[in-house]
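Please open the model in your viewer and keep the sequence panel beside it, since each stop below begins with a selection. The tour goes from pockets to the surface, then to the backbone, and ends with pairs of side chains.

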Amino acid sequence: QQGSELSGWAMGRWTYEGIDLNHNFADLNTALWDAEDNDLVPHEFPNHYIPIPEYYTFANATVAPETRAVIDWMQRYPFVLSANLHGGELVVTYPFDMTRTYWKAQELTPTADDGVFRWLATVYATSNLAMASEERRLCHYDDFIRFGNIINGANWHTVPGSMNDFSYLHTNCFEITVELSCDKFPHASELPAEWENNRESLLLYMEQVHRGIKGVVRDRDTEQGIANAIISVDGINHDIRT
């Protein structure tokens, strides 16, 4: 009702309890990077399925019920591909979202699977009608067009405790953030056009779940499937599990 882009980027960002859900997941990055700096990964500290710190599980921790519910959901279902949808820009960001140098507001901070994440982001960005349009304007002041409308999250602005980083480090799931539109609050009359902008890119993104190696890890003697078998790929310091 306030008009296009006039409500401000912070409008609607916090919950009733005053928690920013975008920064509310456990910071697993710092623990991983500290362990890497001390040559503990992966023999003494895991490079995946990183456990949630004890402080985060306390009843008085500043964790929104929505965040706890999503974490419980992630732990119950073995998701492998995800995207979360934001507004206010036209760009696709990929992990890591948090800068490795803690005092830097921006810093290129790629994951061990940077090539896969860049591919996933590119699939969405190149098939999104608004992003791919030759006539598109800048939303605000960042020129993402010259980067193909994708960017490493931490190289845009650091987000400690993001869902993307948490998904990657705590589960098997690869997750990106899609900034859907320059306008965070489009009018109802504009929603059909926003849907058309994103329909094909959503479908193509989901199809990427079929890329890569798939199969069942079985016990050689019993032919039974093996749960939680760790799959390692040479040269990629991030394992996954069956």
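Begin with the largest pocket of this predicted model, which has a volume of about 1,300 Å³. To centre the view, select Arg13, Asn22, His86, Glu179 and Lys184, which are the residues nearest the centre of the largest pocket in a lining of 47 residues. Then colour α3 (65-76), β1 (81-86), α6 (153-156), α7 (163-170) and β4 (174-179), the elements that each give two or more residues to that lining. If you colour the lining by residue class, it divides into 18 nonpolar, 19 polar and 10 charged residues.

Keep Arg13 selected and add Asp20, for the side chains of these two residues meet in a salt bridge with an N to O distance of 3.0 Å. How do the two partners stand in terms of exposure, buried or partly exposed? Arg13 has a relative accessible area of 25% and is therefore partly exposed, whereas Asp20 counts as buried because its relative accessibility is 13%, below the 20% cut-off.

Move next to the second largest pocket, in which about 1,000 Å³ of space lies. Select Arg211, Gly212, Ile213, Lys214 and Ile240, which lie nearest the centre of the second largest pocket, and then extend the selection to the 26 residues that line it. At least two residues of this lining come from each of α4 (114-127), β5 (230-233) and β6 (236-241), and β6 supplies the largest share, with 4 residues. By class, the lining of the second largest pocket holds 15 nonpolar, 7 polar and 4 charged residues.

While β5 is in view, select Asn228, which is placed in the loop between α8 (191-207) and β5. The phi of Asn228 is near 60°, a positive value in a residue other than glycine. Most residues other than glycine have a negative phi. With a relative accessible area of 46%, Asn228 is partly exposed.

For the next stop on the surface, select Trp73, Tyr77 and Phe79, which together make a nonpolar surface patch of about 320 Å². Of this group, Trp73 is found in helix α3, and at 43% relative accessibility it counts as partly exposed.

Turn now to the backbone of the loop between α1 (29-37) and α2 (54-57), where Pro42 lies. Select Val41 together with Pro42 and inspect the link between them, a cis peptide bond with omega about 0°. Asp39 is found in the loop between α1 and α2 as well, and its phi is near 55°, again a positive value in a residue other than glycine. Asp39 counts as exposed because its relative accessibility is 67%, over the 50% cut-off.

A further cis peptide bond, also with omega about 0°, joins Pro95 and Phe96. To find it, follow the loop between β2 (91-94) and α4, which is the place of Phe96. Most peptide bonds are trans.

Stay with the loop between β2 and α4 and select Arg100, then add Glu36. These two residues form a salt bridge whose closest N and O atoms are 2.9 Å apart. The pair links distant parts of the chain, with Arg100 in the loop between β2 and α4, Glu36 in helix α1, and their positions 64 residues apart. Arg100 is partly exposed, with a relative accessible area of 36%, and Glu36 also counts as partly exposed, at 24% relative accessibility.

The last helix to visit on this tour is α8. Select Glu196 and Arg199, which both lie in helix α8, 3 residues or about one turn of the helix apart. Their salt bridge brings the closest N and O atoms to 2.9 Å; Glu196 is partly exposed at 36% relative accessibility, and Arg199 is partly exposed with a relative accessible area of 37%. Returning to the earlier pair, add Asp37 to the selection, for salt bridges that share partners join Glu36, Asp37 and Arg100 into one network. The count for the model comes to 7 salt bridges.

Finish at Ala193, which is placed in helix α8 and is partly exposed, with a relative accessible area of 44%. Draw a C-alpha to C-alpha distance from Ala193 to Ala130: the two residues are 63 residues apart in sequence and 9.7 Å apart in space.

How values were computed:
Residues numbered from 1 in each chain as written. Predicted model: local features only at pLDDT ≥ 70, side-chain atom pairs only at ≥ 80, totals over all residues. Heavy atoms only, no water. 1 Å grid on protein atoms, 1.4 Å probe; cavity = no way out; pocket = protein on both sides within 12 Å on 5 of 7 lines; lining within 4 Å. Points joined across faces, edges and corners; volume = space filled by probe spheres on them. Nonpolar A, V, L, I, M, F, W, Y, C, P; charged D, E, K, R; others polar. Patch = residues over 30% accessible without salt bridge, like charges linked within 9 Å, V, L, I, M, F, W, Y side chains within 5 Å. Areas by Shrake-Rupley, 256 points an atom, 1.4 Å probe, with all protein chains shown as cover. Salt bridge = Lys/Arg side-chain N within 4 Å of Asp/Glu carboxyl O. Buried < 20%, exposed > 50% of the residue type's maximum accessible area, 1.4 Å probe, protein only.
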